[in-house]
Amino acid sequence: MTQQRKALWESDLDEDLHDVDLNLAIGSYGQNGLYDDAQPRIDEATLIAVQQQVAQQAALAQVPDPVKRFIVHFHQAVLDNNLPEITVAYESGWNRLTEKFYAKTEWPEAEIIAPLVNDDQIFLILYRELYYRHVYSRLQPDIDDRFHSYENSCELFNYLLNSDGPVPLELPEQWLWDIIDEFIYQFQNFCVWRSKVKSKTEEELILLADASQIWSSYSVLNVLYSLIQKSKINEYIIAQQEGKSQEEIADIVGEYGPKPLYRMLGYFSIIGLLRVHSLLGDFTLALKVMENVELNQKSPFTRVTACHVTTYYYVGFCYIMLRRYPDAIRTFVSILNFILRMRQYHTRSYQYDQINKTADRMYALFAICNALSPSRVDDNISSTVKERYGEQFAKMSRGEEGIPAFEELFLYACPKFMSANPPPYEDPDLLQAYIDDPPVEPAQRHLALFLADVRAQAPVPTLRSFLKLYTSLDAKKLSNFLDADEEEMVQQLMVMKQASRSISRVEHEKGFLRGQMISTSDLDFVIDENMVNIAESTVGRRYAGWFIRNTEHAQRVYDTLHNSPLPIPPKPATQAKTDTQAPAAPPKTGQKVAWGSVKTAA
């Protein structure tokens with residue numbers, strides 16, 4: 001019996017420990033009472049690796065099964081370069097799982113999900129790009145997140161730019177734009193956060209002192225210019241505009257240019273440079289890099305709505321800062337009309353809120369432009385501006401009294417400007433001097449420059465209101481109206497003359513900085529000795545636009561009615577009564593009428 005029990009016990013032990021190395025598990029106990037140094041020990045590095053593996057497996061076990069299946073499916077789609085599957089996973093699957101599982105927490109780190117994707121480093125780089133984008137948009141990134149997101153961006157762009165030949169990777173255009181857009185946003189966010197010295201801890205001060213090249217403006221600009229140069233996108237655009245064949249274009253752009261990945265990254269990098277130079281305050285250079293891009297519905301950037309809206313916003317803002325208000329108005333009207341026409345489709349986009357916010361800022365900028373350079377524009381845009389910013393617009397038309405309204409709308413609608421140079425974290429003395437006497441914030445500096453031009457034009461609305469009442473006016477009488485002497489009155493007239501002229505682009509002219517001097521006002525005047533002769537040009541109503549808008553409205557009403565389900569007709573009272581009561585047998589005599597009852601013969 002004892003032997004049988006021993007055999008059973010030994011068999012159970014063999015089943016439990018058949019995968020275990022007993023020599024390693026038991027060690028050298030019982031060998032003359034001494035440790036055998038010949039037995040190899042587990043060194044500290046191996047022990048740490050085992051602990052990390054166990055921790056990784058435990059963390060992976062906590063990942064919900066739908067997320068695991070999504071990551072495996074997403075990885076396979078990227079491996080196969082299956083654009084439809086990648087698009088669905090990127091635009092729908094990721095956002096749906098985010099709302100369900102990670103609305104207020106981070107997604108699993110790349111090291112945790114690495115076993116699911118066979119430790120594919122390229123996919124893990126793309127995954128980290130989505131991971132850090134989620135941290136920036138939904139959570140509050142710490143200094144480690146900011147540093148690591150920069151390192152991951154460097155890995156991604158090094159892979160794209162420094163590989164031997166074009167990389168075998170295809171991504172949707174929406175994702176390619178988001179990569180460039182998020183790269184610039186994280187750079188902008190870091191610069192704003194870095195400039196706030198007083199809120200930094202000692203540890204953060206030390207890390208920032210040692211990492212002066214992290215998110216430097218030079219590195220960001222270098223990436224964008226490198227993508228443009230590698231893809232030869234400017235040469236590609238020029239060749240297309242000249243009508244060259246596909247074979248000729250392929251010879252011009254080399255091996256990278258024909259690849260959709262590089263071509264679109266290069267194109268989006270041009271838009272990215274427009275944004276970066278605007279944020280740094282160089283508005284002329286911002287428009288200069290856009291020289292070969294055309295603002296029309298056939299341009300490639302219109303295929304991604306967020307890129308389309310961003311492009312027009314920054315082009316319009318650059319025109320405002322260059323005092324080219326007619327060009328800014330034309331730019332804003334074009335994109336705002338597009339948003340109005342396409343708003344029913346924007347609701348399907350995961351960037352719907354961001355598009356709406358940008359559109360609202362452009363309405364504010366449009367109000368500023370129209371106050372400084374009054375012009376007749378689209379009725380839909382004008383009515384929306386009056387509805388949202390009617391109070392501020394009324395104030396801005398009152399000269400000096402409207403300065404606070406200009407300031408309010410400008411600070412609301414302008415980009416979040418940033419400084420290219422970081423605070424001197426590496427030098428404690430200079431850093432203390434920086435804290436004691438901080439420089440003017442970039443937004444306030446640009447606001448001061450803008451308001452200087454506004455104050456110079458402050459007398460124009462009052463002067464314009466007087467001139468519209470007369471066809472000719474004595475100079476002395478006009479100076480009495482203005483409560484000023486004649487010399488000051490002449491100065492105000494010259495300010496008005498200057499404000500009514502601006503450089504404006506000629507239609508179909510290439511280059512955003514080119515243009516001709518035009519008159520932007522419907523009111524002009526000439527000073528003849530002591531008389532001011534006024535001429536006002538009136539613009540007739542544009543009936544074509546009115547008919548088009550109302551025709552579109554009638555078509556929308558018709559489509560809505562046509563697609564609505566037909567109402568269910570109510571049952572007749574006689575029918576309801578026959579449904580509840582048993583039908584009586586009709587008499588044999590009488591005349592049968594249309595509705596089935598019997599009419600008694602007279």
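## Glu-111 and Arg-128

Glu-111 is partly exposed, at 44% relative accessibility; here buried means under 20% relative accessible area, exposed over 50%, and partly exposed in between (1.4 Å probe, protein chains only). Arg-128 forms a salt bridge with Glu-111, and the closest N and O atoms are 3.3 Å apart. A salt bridge is a side-chain nitrogen of Lys or Arg within 4 Å of a carboxyl oxygen of Asp or Glu. The pair links distant parts of the chain, with Arg-128 in helix H7 (residues 121–138), Glu-111 in helix H6 (residues 110–113), and their positions 17 residues apart. Unlike its partly exposed partner, Arg-128 is buried, with a relative accessible area of 16%.

The model is predicted: local features need pLDDT of at least 70 and side-chain atom pairs count only at pLDDT 80 or more, while totals for chains, interfaces and linings use all residues. Residues are numbered from 1 along each chain as its sequence is written, and side-chain values use heavy atoms, with hydrogens and water left out.

## The chain as a whole

The chain has 602 residues, of which 40% are buried. Its secondary structure comes to 27 helices and seven strands; helices (H or I, at least four residues) and strands (E, at least two) are DSSP runs, numbered from the N terminus. Among contacts with a separation of 6 or more, 69% join residues 24 or more positions apart, a contact being heavy atoms within 4.5 Å.

About 35,500 Å² of the chain is exposed, and carbon and sulfur atoms supply 53% of that area. Accessible areas come from the Shrake-Rupley method with a 1.4 Å probe; for residues, only the protein chains shown count as cover.

## Other salt bridges

Side chains of opposite charge can pair when their charged atoms come close. The structure holds 13 salt bridges. One of them joins Asp-181 and Arg-275, with the closest N and O atoms 2.5 Å apart. Asp-181 lies in helix H9 (residues 173–194) and Arg-275 in helix H14 (residues 260–280), so this bridge ties together parts that are 94 residues apart in sequence. Arg-275 is buried, at 8% relative accessibility.

Lys-244 and Glu-242 also meet in a salt bridge, at 3.7 Å from N to O. Lys-244 is partly exposed at 33% relative accessibility, and Glu-242 is exposed at 53%. Elsewhere, Glu-129, Arg-133 and Asp-178 are linked in a network of salt bridges.

## A buried lysine without a partner

Lys-68 lies in helix H4 (residues 65–79). Lys-68 is buried yet has no salt bridge, and the nearest side chain of opposite charge, Asp-65, is 4.0 Å away. For charge, Lys and Arg count as positive and Asp and Glu as negative; His and the chain ends are not counted. Residues up to four places away in sequence aside, Lys-68 touches Leu-60, Ala-61, Val-63 and Leu-116.

## Helix H14 at Gly-266

Helix H14 also contains Gly-266, which is buried at 0% relative accessibility. Beyond its neighbours within four places in sequence, Gly-266 is in contact with Leu-227, Ile-228, Ser-231 and Ile-233. The C-alpha atoms of Gly-266 and Tyr-225 are 8.4 Å apart, with 41 residues separating the two in sequence.

## Two positive phi angles

Most residues other than glycine have a negative phi. Asn-118 has a positive phi, near 55 degrees, and lies in the loop between H6 and H7. Trp-215 likewise has a positive phi near 55 degrees; its loop runs between helix H10 (202–210) and helix H11 (217–231). Asn-118 is exposed at 67% relative accessibility, whereas Trp-215 is buried with a relative accessible area of 0%.

## Helix H23 and strand S4

In helix H23 (residues 460–467), Val-460, Leu-463, Arg-464 and Leu-467 are buried. These residues cover an arc of only 100 degrees around the axis, which puts them on the same side of H23; the arc is that of the directions from the helix axis to the C-beta atoms. The buried residues of H23 pack against helix H24 (475–481), helix H25 (486–499), S4 and strand S5 (531–536).

Strand S4 (residues 523–528) includes Ile-527, which is partly exposed with a relative accessible area of 37%. Together with Val-490 and Met-494, Ile-527 makes a nonpolar surface patch of about 230 Å². Patches are made of residues with over 30% relative accessible area and no salt bridge; like charges are joined within 9 Å and nonpolar side chains (Val, Leu, Ile, Met, Phe, Trp, Tyr) within 5 Å.
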